[in-house]
Amino acid sequence: MADEVLAVEAVPLEEDFDALVASLAIDDTLEDKLARLKKNVDEKLADYVDVKRIEDDEDFKAAKKYRSAVNAVKKPIEEQRKAAKKKYSDLLKTFDKTIGEITAPIDALSDEYKAEIDRYDGECRARRLAALSGHYYDLAGEMGPLVPYERIADDRWLNASFGEVKAKNIIERRVGELLHQFKFVNGLDYADEDERAWAVAWWTRTLPMDSGEVAAAVAAHREEVAKAAALVSTYEQATAPAPEPEPLPLDPKLVPDEQPEPEPPLCAPRLVRVVQSRPEPEVAEDAASAPQRGYRVVIECATADELRRVRAVMVENGIHGHVERI
């Protein structure tokens, strides 16, 4: 077995291996050189590809010898690869650095142009903003303070490519729609000025697409206010003290000296307030949900039993909200 393993015959190569490895370089001929190198490596490994099973110490020694020979094929290739990598890595670093130095003045000049372009474009956008917002407020009249220009503005209107005339035409159409609704809101038949103020505030906050949503919201709000008023009335009746019976005439001689009137019990309920809950900030409400925000019933110095009784009245009357004491 050992004689069979050691019987390796050297095959002459077509080219000088060392010279071929040394010629490796990253250039136009690299692909051809790598192909030739692969063929040369295959030829050098041909004598070793048939790996025999190790049966004794002689086979063991022979296997180690052949492995060293196989590794020796790779060693000069690997060394040349590392040398080429370092050479071209250093060259690439130098190339990048030199190119960066060459293009630095280009970048600096480009930045100057960009800064000037941005400055002028910013001035133009500011001028367009002033023109468009001024045009809006001229058209909006008394509606302007309630619905600021920013509520309808589109940032694209400030681009030079959009066109100021086109933007003004859009503003005119939108203002016409809003003024029509604003007139409708102010022309509704309200119960009092508080209801009118609520309707205007609701319209300003939501800007619905349909004027009919305003009338529906006012009707729902009026119903909620009526329920709240009924709740206050019910509570006052429920907590009103019973009338005291007429005192019987007494003999003046038996009447004791006049005593100071006793102080009212500490923390007795004195005031009931129904306060509409505040909407969440920056949250748009639609016509259906706006009146359903609910109410806060605030009772000074109420007992737990009184709070429960008021809450029961609210539930019975379908009033949204909660009860609290202060």
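## A partly exposed aspartate in helix 4

Asp-118 is partly exposed, its relative accessible area being 40%, and in this predicted model the residue forms a salt bridge with Lys-114, in which the closest N and O atoms are 2.7 Å apart. The two residues stand four apart in helix 4, and therefore about one helical turn separates Asp-118 from Lys-114. Lys-114 also counts as partly exposed, with a relative accessibility of 49%.

Helix 4 covers residues 57–140 and includes Ile-102, a residue that counts as exposed because its relative accessibility is 52%, where the cut-off for that class is over 50%. Together with Leu-92, Phe-95 and Ile-99, Ile-102 makes a nonpolar surface patch of about 390 Å².

## Overall architecture and confidence

The chain contains eight helices and three strands, and, when read along the sequence, these elements follow the pattern α-α-α-α-α-α-α-β-β-α-β. Of the 326 residues in the chain, 25% are buried. Among the contacts with a separation of 6 or more, 65% are accounted for by residues that lie 24 or more positions apart. The exposed area of the chain is about 23100 Å², and 57% of that area is supplied by carbon and sulfur atoms.

The pLDDT averages 80 over the chain, and 73% of the residues score at least 70. Over residues 1–9 the pLDDT is below 50, and this stretch has 16 contacts in the model beyond near neighbours in sequence. A second stretch, residues 280–292, has a pLDDT that stays under 50, and for these residues the model has 16 contacts beyond four places in sequence.

## Other salt bridges

In total, the structure holds 17 salt bridges. Some of them are linked, as Glu-116, Arg-119 and Glu-123 are joined in a network of salt bridges.

Which residue does Glu-177 meet in a salt bridge? The partner is Arg-174, with an N to O distance of 3.3 Å between the side chains, and both residues lie in helix 5, three residues apart, or about one turn of the helix. Glu-177 counts as partly exposed at 46% relative accessibility, and Arg-174 is likewise classed as partly exposed, at 26%. In helix 6, which spans residues 193–206, Arg-196 and Glu-193 are also three residues apart, about one turn of the helix, and their side chains meet in a salt bridge with an N to O distance of 3.5 Å. Arg-196 is partly exposed, with a relative accessible area of 24%, whereas Glu-193 counts as exposed at 55% relative accessibility.

## Helix 5: span and buried residues

Helix 5 runs over residues 164–187. At 1.5 Å a residue, its 24 residues should span 34 Å, and the end C-alpha atoms are 34 Å apart, so the expected span and the span in the model agree.

Which residues of helix 5 are buried? They are Ala-167, Ile-171, Val-175, Leu-178, Gln-181, Phe-182 and Val-185. The salt-bridged residues Glu-177 and Arg-174 belong to this helix too, but Glu-177 is partly exposed at 46% relative accessibility and Arg-174 is partly exposed at 26%.

## Leu-207, between helix 6 and helix 7

Leu-207 is placed in the loop between helix 6 and helix 7, the latter covering residues 212–239. The phi angle of Leu-207 is near 45°, which is a positive value in a residue other than glycine. Is Leu-207 buried or exposed? Its relative accessible area is 12%, and since buried means under 20%, Leu-207 falls in the buried class.

## Leu-231 and its contacts

Leu-231 is found in helix 7 and counts as buried because its relative accessibility is 3%. Which residues are in contact with Leu-231, once its neighbours within four places in sequence are left aside? These contacts are with Val-297, Val-310, Val-313, Met-314 and Ile-319.

A further pairing concerns Asn-317, which lies 86 residues from Leu-231 in sequence, while the C-alpha atoms of Leu-231 and Asn-317 are 8.0 Å apart in space.

Key. Residues numbered from 1 in each chain as written. Heavy atoms only, no water. pLDDT = per-residue confidence, 0-100. Contact = heavy atoms within 4.5 Å. Patch = residues over 30% accessible without salt bridge, like charges linked within 9 Å, V, L, I, M, F, W, Y side chains within 5 Å. Areas by Shrake-Rupley, 256 points an atom, 1.4 Å probe, with all protein chains shown as cover. Salt bridge = Lys/Arg side-chain N within 4 Å of Asp/Glu carboxyl O. Buried < 20%, exposed > 50% of the residue type's maximum accessible area, 1.4 Å probe, protein only. Expected span 1.5 Å × (residues − 1).
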